[in-house]
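Me: I should like to go through this structure in questions and answers. Please set out the terms as they arise.

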Amino acid sequence: MPVHTSSTSAPAAVLCGVAGWVPPRVVTNDELAERLDTDDTWIRTRTGIRCRHIAKPGQATSDLAVEAGRLALRNAGLDPAETNRGGTDPVDAVIVTTTTPDRPCPATAPAVAARLGLNGVAAFDVGAVCTGFVYGLATAAGLIASGVAARVLLIGADTYSTIVDPLDRANAIIFGDGAGAVVLRAGDEDEPGAIGHFDLGSDGTHEDLIMVAAGGSRGRSAEGEPTRAERHFAMRGNEVYRHAVTRMAASARATLTSAGWKTDDVDHFVPHQANLRILHSVADDLGLPRERCVANVDAVGNTGAASIPLALADAAARRVLRPGDRLLLTAFGGGLTWGSCLLTWPELPPPIRTHDPFVPHHTGDDTLS
Ligand code: COA
């Protein structure tokens with residue numbers, strides 16, 4: 001497919017579709033408190049989370065990814081059925097970013113592409129834990145800049161309920177399942193929707209802070225059967241908290257500096273929805289009013305790689321994001337990994353709201369009180 005560019009410079013990646021999808025089942029804090037030694041007040045004051053959506057047994061990450069992907073293609077005005085009618089593929093590549101692939105092998109993206117009617121296009125997974133979506137955006141932008149793809153469907157999808165021990169109160173309260181997707185097309189760097197000025201980083205010396213110990217080649221070469229703890233998601237919450245605030249603020253600042261933006265130029269800060277206290281601390285550190293922080297963590301929890309596109313879809317559906325608004329996206333996750341990028345919001349039809357999990361808003365402090 002020919003790549004559109006109006007100048008001699010490489011084409012920019014321009015956002016032209018967005019959507020989110022969460023499983024219908026809502027699990028409230030009170031419901032968790034029925035089986036775990038916890039309570040709604042503890043969870044709300046520590047994390048800002050009121051409820052999360054959980055996949056039903058048998059529902060895998062690809063199932064969520066297909067739903068979000070289909071809605072994002074529709075939001076972009078693209079029709080996968082076109083391929084079957086002998087037309088060109090609506091996108092040239094499908095990227096799924098996830099920590100919970102359907103299987104260790106193969107990648108989840110080819111099956112997602114096939115189920116979306118996109119069999120034959122490039123399809124692969126990107127893994128950067130909760131930073132996956134920003135890494136995925138950079139990867140998609142690279143495919144577009146190099147001319148390999150003119151349109152890319154990028155899906156962040158995770159089913160943390162499949163790796164978090166349901167009896168682990170420290171983690172079971174934080175995570176939810178969900179998927180969010182965007183469509184990117186080749187365009188010009190100064191048009192609305194253009195994505196640019198990335199900052200990506202990692203620090204693998206802290207890989208032990210967020211980990212599933214078993215299931216990979218390291219675990220398989222260890223002696224004996226893995227323990228229950230090794231088979232499940234483990235996180236050193238206190239240390240992660242401190243790294244998250246520091247790394248996200250530094251990454252956001254580096255990105256603003258490289259673009260020549262001042263903090264006040266940011267209309268909406270859209271961080272990875274780790275936990276409302278982390279989001280507020282980062283906003284405070286940057287000198288951004290908390291009201292500019294887009295958050296839906298109270299309604300969906302931490303959905304891993306899905307969290308930023310879900311937050312974008314939510315805010316777009318509520319028409320909080322207006323064409324021309326300037327956005328700063330910042331993520332942090334296991335690895336450790338972190339990343340940021342800038343985006344000017346384009347004119348888009350409001351994404352379809354398939355459920356009504358999306359109570360919020362820009363954040364105030366009420367959830368934490
Ligand atoms: N309900 C009630 N008590 C709980 C609990 C729960 N769900 N989970 C832990 N506790 C207890 C602990 O056992 C501990 O008890 P103790 O003092 O008797 O030992 C106490 O609460 C304090 O634990 P601590 O881990 O210090 O709590 P915290 O204030 O740091 O909050 C987190 C825990 C996980 C909410 C917090 O560390 C955090 O938000 N970390 C970042 C996690 C995150 O966002 N990760 C994603 C990054 S991508």
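Reply: Contact means heavy atoms within 4.5 Å. This is a predicted model, in which local features need pLDDT of at least 70 and side-chain atom pairs count only at pLDDT 80 or more, while totals for chains, interfaces and linings use all residues. Residues are numbered from 1 along each chain as its sequence is written, and side-chain values use heavy atoms, with hydrogens and water left out.

Me: Which element gives the most residues to the largest nonpolar core?

Reply: A nonpolar core is a set of buried Ala, Val, Leu, Ile, Met, Phe, Trp, Tyr and Cys residues joined through side-chain atoms within 4.5 Å; buried means under 20% relative accessible area, exposed over 50%, and partly exposed in between (1.4 Å probe, protein chains only). The largest such core has 44 residues, and Tyr 160, Phe 269, Val 282 and Leu 328 have the most contacts inside it. Two or more residues come from each of α10 (237-259), α11 (276-286), β12 (326-333) and β13 (337-344), where helices (H or I, at least four residues) and strands (E, at least two) are DSSP runs numbered from the N terminus. The greatest contribution to this core, 7 residues, is made by α10.

Me: With which residues is Phe 269 in contact, leaving aside its neighbours within four places in sequence?

Reply: Phe 269 is one of the residues with the most contacts inside the largest core. Its partners beyond those neighbours are Leu 279, Val 282, Ala 283, Leu 286, Leu 288, Arg 292, Cys 293, Val 294, Leu 328 and Thr 330.

Me: Against which elements do the buried residues of α11 pack?

Reply: In α11, the buried residues are Leu 276, Ile 278, Leu 279, His 280, Val 282, Ala 283 and Leu 286. At the N-terminal end of α11, Asn 275 acts as a cap, with a side-chain oxygen 2.8 Å from the backbone nitrogen of Arg 277; just after the helix, Gly 287 has a positive phi of about 80°. The buried residues of α11 pack against α2, α10, β11 (268-271), α12 (297-300) and β12.

Me: Which element supplies the largest share of the shell around the ligand?

Reply: Of the 21 residues around the ligand, the nearest are Thr 38, Arg 46, Arg 169, Gly 237 and Asn 275, a residue being near if one of its heavy atoms lies within 4 Å. At least two shell residues come from each of α2 (40-47), α7 (169-172) and α10. The largest share, 4 residues, is that of α10.

Me: How far is an oxygen atom of the ligand from an N or O atom in the side chain of Arg 169?

Reply: A nitrogen atom of the ligand lies 3.5 Å from a side-chain N or O atom of Trp 42. For Asn 238, a polar side-chain atom is 3.0 Å from a ligand oxygen. For Arg 169, the distance from a side-chain N or O atom to a ligand oxygen is 2.9 Å.

Me: Is Thr 159 buried or exposed?

Reply: Thr 159 belongs to strand β6 (residues 151-159). Not counting residues up to four places away in sequence, Thr 159 touches Ala 55, Gln 59, Ala 60, Thr 61, Leu 64, Thr 100 and Asp 177. Because its relative accessibility is 2%, Thr 159 counts as buried.

Me: What is the relative accessible area of Val 212?

Reply: Val 212 is placed in strand β9 (residues 210-212). Leaving aside neighbours within four places in sequence, Val 212 is in contact with Ile 163, Glu 230, Arg 231, His 232 and Phe 233. Val 212 is partly exposed, and its relative accessible area is 32%.

Note on methods
A polar contact is a pair of N or O atoms within 3.5 Å; within protein, one must be able to donate a hydrogen and the other to accept it, and residues adjacent in sequence count only if both atoms are side-chain atoms.
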